[in-house]
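Dear colleague,

I am handing over the structure below, together with some notes on what was found in it. Please read them alongside the sequence.

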Amino acid sequence: MPLPYVSGPSRRALLAAAGAAGAAGLVTVAGPAAASSPRRSAALVLHNARVFTGTSHHGRADAVAVGRDGRVLAVGTDAALRRFIGRDTDVVDARGGTVMSGVHDGHAHPTSAASRSLRPSLAGAEQTVEELRKTLTGFLKDSADQEPDGWLVVEDWNPVGLLPHGTAPHHSMLDTLPTRRPIVLSGGDGHNLWANQRALDIAKITASTPDPVGGKIVKGTDGKPTGVLKDDAQPLVMRHVPEPDETRLAHAAAKILAEAAASGITTFMEAVAGRGELELYRRLAESDRLLQRFVPALRIETDQTKDPKAAVAYAKELRAEFEDVRKLRFGTVKVFLDGVIEYPAQTAALLKPYLDKDGKPTDNRGDLYVSAADYGRLSAAFNAEGWQMHAHAIGDRAVRTSLDGYAYALRKTGRRDLRNTTAHLQLVDPADLPRFAALGVVACMQLQWAARNTWTMEALLPYIGAERHRWQYPARSLQKRRAALAGGSDWPVDPLQVWNQIRTAIDREGMEGGGDLYRAQEGLSRTSSLLMHTAGTARQLRVEHLTGSVERGKAADLVLLDRDVTRCPVADISSAEVRLTLVGGTVVHDAESSAGRAAAARVTRAAAGPRPTSYASVHGGRHASCGCG
């Protein structure tokens, strides 16, 4: 629905007027007389709104005034904020929709989303081998000019999606396709890759090739590679795939960030960043296409964790090279502690072994890539320099390893203020729940995964048993024990469905679930979910002094929604539409503009597509080419 203006100039003037610089000092309101002067009039006033301030000390508010310095000038009632309306103030009638802080995504991979968008996708589909071959033949025809040597890389392959269920992928299934080209199917979970024989030959992967650290080359009963590579074995193939053209990638990234703005995201943590990702951000910033604020989490490779001094030097070197890039804030590093928990990967590190399909214990406890001792020494070294840790931990053994490492770092440095973070937390042992608050560790959770579906049920329940299964994504249990919660999407492992993500944290079902996943035990309140994805993540990212709530003096990182998400039926939160997004007072999404309509349409199409294959974080070969994790 279009947003009518009560007063003020055109939409074009809104974009100009609301785009004041966001780097000025704190705003001080001197009183009604000063406020009514041209200097004190607002650039923008949003009124007739339901303002969710994200604070406990503010009463009901209907309006927000944005100053010409890009900060919140005032929050209050419609009547009280009329004094900030001048001749050149744009006034927007929110029609009862919510005005709130922009969403802060504490774990995502925007650069990966950009690179994936340049390749054909299987969209997580479940298919028979013949149906898959037909789809891939279509992709080959679409790129026939790449014969005979151009790589065909297809995204969002479903590692458990071959029908009938239980069919194991093998390179021979791809070798019969009408081509000589090397072919790679990249798992939507980022932890699995399926290659044809030509790709294996190029990578020189044979029966005698050893598994790399943190990875596995799946081999058949004959000892030969099946074509499936897990985790850090994936780069053995992916390093041979040519990088995308820089100009095309930057254009794709600009479109991706516009979609994120249309979803209401104003701050991202790029959950795995290296030089390639940082160079892309620099390119976007130089062309004024870097819309959100970004906290890049610099990846520390598994072998680097054993030399903390060198790892710190590496991170400092990257920071020095790129700290002049506008909207980047350095100070976070990322480490993978394990893989994913769902069958068939089962590379997440568990305290007790996985079960077989008949419920009997196996000897497989998954893969722990970094020991608690090494992670502790690494954390202590970075914490001593003021850097924050961010750990990928899916299984309960990996979660405990992260906490043990942070406990060591706290003993060594005494620093509790750095917000060391453990991400994903798919399975947490109840004994470890109180340790988060005790150690000052932030729990960054991707709660759009907390729904009853194939991935949490068929691909998991038989292999871990009911007792452990109940402790999936224990958000309320952590909250009850005073843990700090933050939210993230892990996009593009899932489509970017921000408001469904916020809804699923509440009802543990979401718009695609087949029932709730322990709602009574682990569902959050509506307020808790909204706070988790705004102020909570701002705290995780150490930017809460600047953004994450709607308060006078804070940056006007705001969204205007088409409905009141504080009171509408919980299920209706999923379909909330963003009408306006501001970052530092600058409009970065306007649903009434042609660009805004196009970005919103792309978000809608992505949300309507089949769900990708896994609810775990991107890792393995993906990080080698596009920085996922």
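To begin with a strand pairing in this predicted model, Ala108 stands opposite Glu270, a residue of strand β16. The pairing to which they lead us is that of β8 (residues 103-108) with β16 (residues 265-273), two strands that run parallel and are joined by four bridges. As for its surroundings, β8 is largely enclosed by the rest of the structure, because six of its six residues are buried.

Helix α15, which spans residues 461-469, also has buried residues, namely Tyr463, Ile464, Gly465, Arg468 and His469. Among the elements that cover these buried residues of α15 is α13 (396-413).

A further point concerns two helices that pack together, α17 (residues 498-507) and α19 (residues 526-540), whose axes lie 9 Å apart and form an angle of about 135°. Since angles over 145 degrees would count as roughly antiparallel and those from 65 to 115 as roughly perpendicular, α17 and α19 are therefore oblique to each other. The crossing in which α17 passes α19 is right-handed.

Where the two helices meet, α17 contributes Gln501, Ile502, Ala505 and Ile506, while α19 contributes Arg526, Ser529, Leu530 and His533. By character, the residues of this contact between α17 and α19 comprise four nonpolar, three polar and one charged. When looking at such a list, it may help to recall that an α-helix has 3.6 residues a turn, so residues three or four places apart point the same way.

With best wishes

Notes. Residues numbered from 1 in each chain as written. Predicted model: local features only at pLDDT ≥ 70, side-chain atom pairs only at ≥ 80, totals over all residues. Heavy atoms only, no water. Axes fitted to C-alpha atoms, helices over the stretch in contact; angles between N-to-C directions. Parallel < 35°, antiparallel > 145°, perpendicular 65-115°, else oblique. Left-handed = near helix turned anticlockwise from the far one by under 90°. Contact = heavy atoms within 4.5 Å. Nonpolar A, V, L, I, M, F, W, Y, C, P; charged D, E, K, R; others polar. Buried < 20%, exposed > 50% of the residue type's maximum accessible area, 1.4 Å probe, protein only. Pairing = 2+ DSSP bridges.
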